[in-house]
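Here is a guided walk through one model. Keep the sequence and the coordinates open as you read.

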Amino acid sequence: MDLSLIFLGTGGSVPTARRATACLMVRRGGERLLFDCCEGAQRQMHRSIGLVQIDEIFLTHYHADHYLGLPGLLRTYQLQDRDRPLVIHGPPGLGDLFGSIRQIVGRPSYGLDLVELDPGDAVRRDGYEIRSFPVEHGMRAYGYALVEDDRPGRFDPEAAAKLGVRAGPDFGRLQRGEEVPGAEGPVRPEDVMGEDRPGRTVVISGDTAPCEAVGAASRGASLLVHDGSFATAEADRAVDTGHSTARDAAILARDAGVKMLALVHVSSRYNVTDLLSEAREVIPGAVAPRDFDLVEVPFPERGEPKLIHKGALERGPRHGENDAAPERAGDGTAS
């Protein structure tokens, strides 16, 4: 099952020519999940993977730079005759927000399901769940953790054969958790299956100061996408505004045993290389993705997460993901 993240917006509260504001797409198998929806989100899709039919949207909080792209995206789906429902999740207040948005987009012909989450709620899906947790941003704001189920251990066909299990359907039954006949009685799955293998965990902090809830959600995570708004010299400002320094985000990630830290929401006042240098004093492998970069997250036994510069641009849309070919961006992703 492929799992990747496409960074559609990596900048701070004010968009620049090179960075849009907060917007991140998670692709897991055939599912497409959007976390926050910056102004121009559909434009960012067009420039890279094509205008994808998103399955669900998760909003971290209701500062404008995290949702201003919703009216345009919803209206475009309407013009494209979208027919499948769209589910949007967020903290309490989502209904009030859409009371205003509906004055712009009207009532879509497709279903629009608004789900207000409480802290600790889990949205269960096939093979994984998305857990909400409170963060510290001076208002009600959430982070989200995508947590996959453990997977069955590896099947040992030689061990099964030694126990007298016939190759064929009985091998499959064992892998599905069923007992089957053997040479000296029933053979149980645990007789021929290795230990369960962990799934992947991806955590998206949203805007936040470093806090215990993010650390707990990120324990052993494959990838943590964390607020890295400020340099250490402006640590006081980070505290006042409910954001993080790059170094503090790295300390949190290190203590949580995260495999990869990706810094986003970088203020336009900084050279990103300088901020990244501060984080790498703590975690040498920390990254600061640019718009249209992509991170692939393999299963733990297959390696570490990998940042692919311009990955969303180079690979373009997958077959059937968009209605028209995307426009190619120039080298507009440089920091």
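**Cysteines, strands and a cavity**

Searching the whole structure turns up 0 disulfides. C38 takes part in none, and the nearest cysteine sulfur belongs to C23, 4.3 Å away. The cut-off explains the verdict: a disulfide requires sulfur atoms within 2.5 Å. In general, such a link is a covalent bond between the sulfur atoms of two cysteines. Bear in mind that the model is predicted.

How accessible is C38? Its relative accessible area is 0%, so C38 is buried. The threshold for that label is under 20%. C211 also counts as buried, because its relative accessibility is 8%.

Turn now to the strands. Strand β2 covers residues 23-28 and is joined to β3 by 5 bridges. The two strands run antiparallel. Within this pairing, R28 of β2 stands opposite E31 of β3. β2 and β3 make a hairpin, with 2 residues between them. G29 sits in the turn and has a positive phi of about 60°.

Next, follow β3 to its other partner. Strand β4, residues 56-58, pairs with β3 over 3 bridges. Here the sense is parallel. L33 has E56 in β4 as its bridge partner. Between β3 and β4 the chain passes through helix α1, residues 41-46. This β-α-β crossover is right-handed. So β3 has an antiparallel pairing with β2 and a parallel pairing with β4.

Is β3 largely enclosed or open? The strand spans residues 31-35, and 4 of these 5 residues are buried. It is therefore largely enclosed by the rest of the structure.

Last, look at the empty space inside. How many cavities of 30 Å³ or more are there? The count comes to 1. The largest cavity has a volume of about 160 Å³. Its lining comprises 17 residues. Closest to the centre are A22, D36, I204, V225 and V264. β1, residues 3-9, supplies at least two residues of the lining, and β2 likewise supplies at least two. What classes of residue make up this lining? There are 8 nonpolar, 7 polar and 2 charged residues.

To retrace the route, β2 forms the hairpin with β3 and also contributes to the cavity lining. β3 leads through α1 to β4. C38 is buried and is in no disulfide.

Notes
Residues are numbered from 1 along each chain as its sequence is written. This is a predicted model: local features need pLDDT of at least 70, side-chain atom pairs count only at pLDDT 80 or more; totals for chains, interfaces and linings use all residues. Side-chain values use heavy atoms; hydrogens and water are left out. Buried means under 20% relative accessible area, exposed over 50%, partly exposed in between (1.4 Å probe, protein chains only). Helices (H or I, at least four residues) and strands (E, at least two) are DSSP runs, numbered from the N terminus. Two strands pair if DSSP finds at least two bridges between them. A crossover is right-handed if, with the strands pointing away from the viewer, the path from the first strand over the helix to the second runs clockwise. On a 1 Å grid over the protein atoms alone, a cavity is a set of points where a 1.4 Å probe fits but cannot get out, and a pocket is an open set with protein on both sides within 12 Å along at least five of seven lines; lining residues have an atom within 4 Å of a point. Grid points are joined across faces, edges and corners, and a volume is the space filled by probe spheres set on the points. Ala, Val, Leu, Ile, Met, Phe, Trp, Tyr, Cys and Pro count as nonpolar, Asp, Glu, Lys and Arg as charged, and the others, Gly among them, as polar.
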